[in-house]
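Me: I would like to work through this structure by question and answer, with the reasoning set out at each step. Please begin with the terms that the first step requires.

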Amino acid sequence: MAPELAALLADMGPGLAAWRGLEPWDVPASLMTQQEFAVWLIAAFEEEYPADEAAADQLEWELLGLIRPEQNLYDLQLALYTEQVAGFYDSETEEIVVIGDHDAAAPMIIVTLAHEYVHALQDRAFDLDALEESVEGNQDALAALVALIEGDATVAGLQYAMRELRREDFAGPGSSAPPPDDVISRTPPALQAVLLFPYVAGPTFVAALLDGGWRAVDAAYAQLPASTEQVLHPEKYAAKEAPLEVDLPPLADILPPGWSEVRRDVFGEFMVGVWLGGTQFASAATEAAAGWGGDAYALYQHEDGQGLLTMKFRWDTERDLGEFWTSIVDHLVGGGLGAGASEVDATTAIWRGDRRTAHARLLADSVLVVIGHDAAVVRSAAQFLARG
């Protein structure tokens with residue numbers, strides 16, 4: 001345990017809890033060296049990120065063209081967290097951990113403690129683990145929940161810290177930009193966007209809720225945002241605009257022997273924008289993803305390691321559907337999946353590369369996209385789903 005951190009928490013806790021409007025409690029605080037954290041993080045990854053889930057993520061991101069086959073998504077995430085995390089709240093042990101050897105009076109330690117203390121307040125008030133379990137199986141709803149949690153802690157923690165600290169305190173050592181050879185600068189843009197999403201979109205979402213005060217933020221934990229669309233467009237959360245249901249039939253009856261479904265989930269508006277190249281929040285791809293109504297996708301894997309990804313997207317209006325179709329065609333023709341040859345007509349787009357093939361179809365009320373390693377399997381899957 002770290003007495004100096006405990007003293008700092010004891011000093012800031014009641015005021016921060018009162019500012020946030022939640023019941024204060026005495027949260028233990030400890031320090032980890034960077035080396036200790038690296039060891040702890042590996043163990044946490046092994047426990048919370050099973051090998052089969054990591055393998056499915058790797059296959060999915062390779063098929064989407066978000067990472068190259070030689071890049072290891074698991075290792076990239078591990079390296080990013082090792083380098084970027086300054087502290088965390090552990091809901092299992094109910095303690096705050098600060099990483100590294102710091103001066104307890106340093107502004108960024110105060111900001112970090114304030115942020116993590118808000119997480120402790122959230123946990124006692126709303127049970128964060130139970131909330132995550134409630135959206136299990138829907139990665140889009142989970143991303144929306146994490147944006148709410150991190151947005152809440154970021155806004156409340158920074159508001160409190162700015163009240164307590166002078167502006168010049170934030171201009172001292174440690175506030176400079178990261179070195180050009182750090183891990184995040186060498187990370188694929190899509191992974192950067194996914195990891196930053198809760199800290200970029202979350203505070204904006206919470207700021208919109210704060211028109212109704214902190215009670216409105218509290219109410220969001222009982223009425224969770226149903227999608228990243230609602231986080232990106234708070235007016236849709238206020239209007240309770242739920243995602244549309246999407247029927248994506250399984251392929252068990254048409255796939256050759258050796259294939260099995262390994263995942264069925266939802267991308268959501270944010271991830272669709274990332275896939276189309278929208279790694280920044282104001283981009284053509286992000287605009288193309290706006291108007292998202294709902295989606296479903298399924299990932300299949302063959303015994304030999306080949307993959308197949310089927311995706312179906314619905315949109316709020318016919319205009320949104322047309323804009324997305326144009327974006328999909330541009331993505332395939334423009335090298336979004338890599339170098340290859342394309343064939344396009346009014347309702348079909350086919351792309352063929354070295355290791356993957358993609359078929360996209362414009363249907364009456366949706367867009368169907370199939371990507372895989374086996375061209376014949378991709379073609380038959382696309383034909384089956386288009387008929388369905």
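Reply: A residue is called buried under 20% relative accessible area, exposed over 50%, and partly exposed in between. The model under discussion is predicted.

Me: Is Glu48 buried or exposed?

Reply: Glu48 has its place in helix α2. Its relative accessibility is 57%. The threshold for the upper class is over 50%, so Glu48 counts as exposed.

Me: Which elements give two or more residues to the negative patch?

Reply: A patch of negative charge on the surface gathers Glu47, Glu48, Glu92, Asp127, Asp129, Glu132, Glu133 and Glu136. The elements that contribute two or more of these residues are α2 (34–48) and α6 (128–134).

Me: Which element provides the largest share of that negative patch?

Reply: Helix α2 holds Glu48, one of the patch residues. The largest share, however, is three residues, and the element that supplies them is α6.

Me: What radius of gyration does the protein have, set against a compact globule?

Reply: The protein comprises 15 helices and 10 strands, and its C-alpha trace spans about 65 × 45 × 35 Å along the principal axes. For 388 residues, a compact globule would have a radius of gyration near 21 Å. The value for the protein agrees with this, at 23 Å.

Me: What percentage of the 388 residues is made up of buried residues?

Reply: The class is set by a relative accessible area under 20%. Of the 388 residues in the protein, the share that is buried is 50%.

Me: Is Leu255 buried or exposed?

Reply: Leu255 is found in the loop between α11 (234–238) and β4 (259–265). The relative accessible area of Leu255 is 11%. Because the limit is under 20%, Leu255 is buried.

Me: What distance separates the C-alpha atoms of Leu255 and Leu41?

Reply: Along the chain, Leu255 and Leu41 are 214 residues apart. In space, the separation of their C-alpha atoms is 39 Å.

Me: With which residue does Glu229 meet in a salt bridge?

Reply: A search of the whole structure finds 12 salt bridges. One of them involves the side chain of Glu229, with an N to O distance of 3.0 Å. Both partners are buried, and at 14% relative accessibility the partner of Glu229 falls in that class. The partner is Lys236.

Me: How many residues apart in sequence are the parts tied together by Lys236 and Asp316?

Reply: The side chains of Lys236 and Asp316 meet in a salt bridge of 3.2 Å, N to O. Lys236 lies in helix α11, whereas Asp316 lies in the loop between β6 (307–315) and α14 (318–333). Asp316 is partly exposed, with a relative accessible area of 33%. The pair therefore ties together parts whose separation in sequence is 80 residues.

Me: Where do Arg319 and Glu323 both lie?

Reply: The side chains of Arg319 and Glu323 form a salt bridge of 3.3 Å, N to O. Arg319 is exposed at 65% relative accessible area, while Glu323 is partly exposed at 32%. The two residues are four apart, about one turn of the helix, and that helix is α14.

Me: Which residues do salt bridges with shared partners join into one network?

Reply: Lys236 meets Glu229 in one salt bridge and Asp316 in another. Salt bridges that share partners build one network, and its members are Glu229, Lys236, Glu241 and Asp316.

Key: Residues are numbered from 1 along each chain as its sequence is written. This is a predicted model: local features need pLDDT of at least 70, side-chain atom pairs count only at pLDDT 80 or more; totals for chains, interfaces and linings use all residues. Side-chain values use heavy atoms; hydrogens and water are left out. Patches are made of residues with over 30% relative accessible area and no salt bridge: like charges are joined within 9 Å, nonpolar side chains (Val, Leu, Ile, Met, Phe, Trp, Tyr) within 5 Å. Accessible areas come from the Shrake-Rupley method with a 1.4 Å probe; for residues, only the protein chains shown count as cover. A salt bridge is a side-chain nitrogen of Lys or Arg within 4 Å of a carboxyl oxygen of Asp or Glu. Lys and Arg count as positive and Asp and Glu as negative; His and the chain ends are not counted. The place of a charge is taken as NZ of Lys, CZ of Arg, CG of Asp or CD of Glu. Buried means under 20% relative accessible area, exposed over 50%, partly exposed in between (1.4 Å probe, protein chains only). The radius of gyration is taken over C-alpha atoms; the globule rule is 2.2 Å times the number of residues to the power 0.38.
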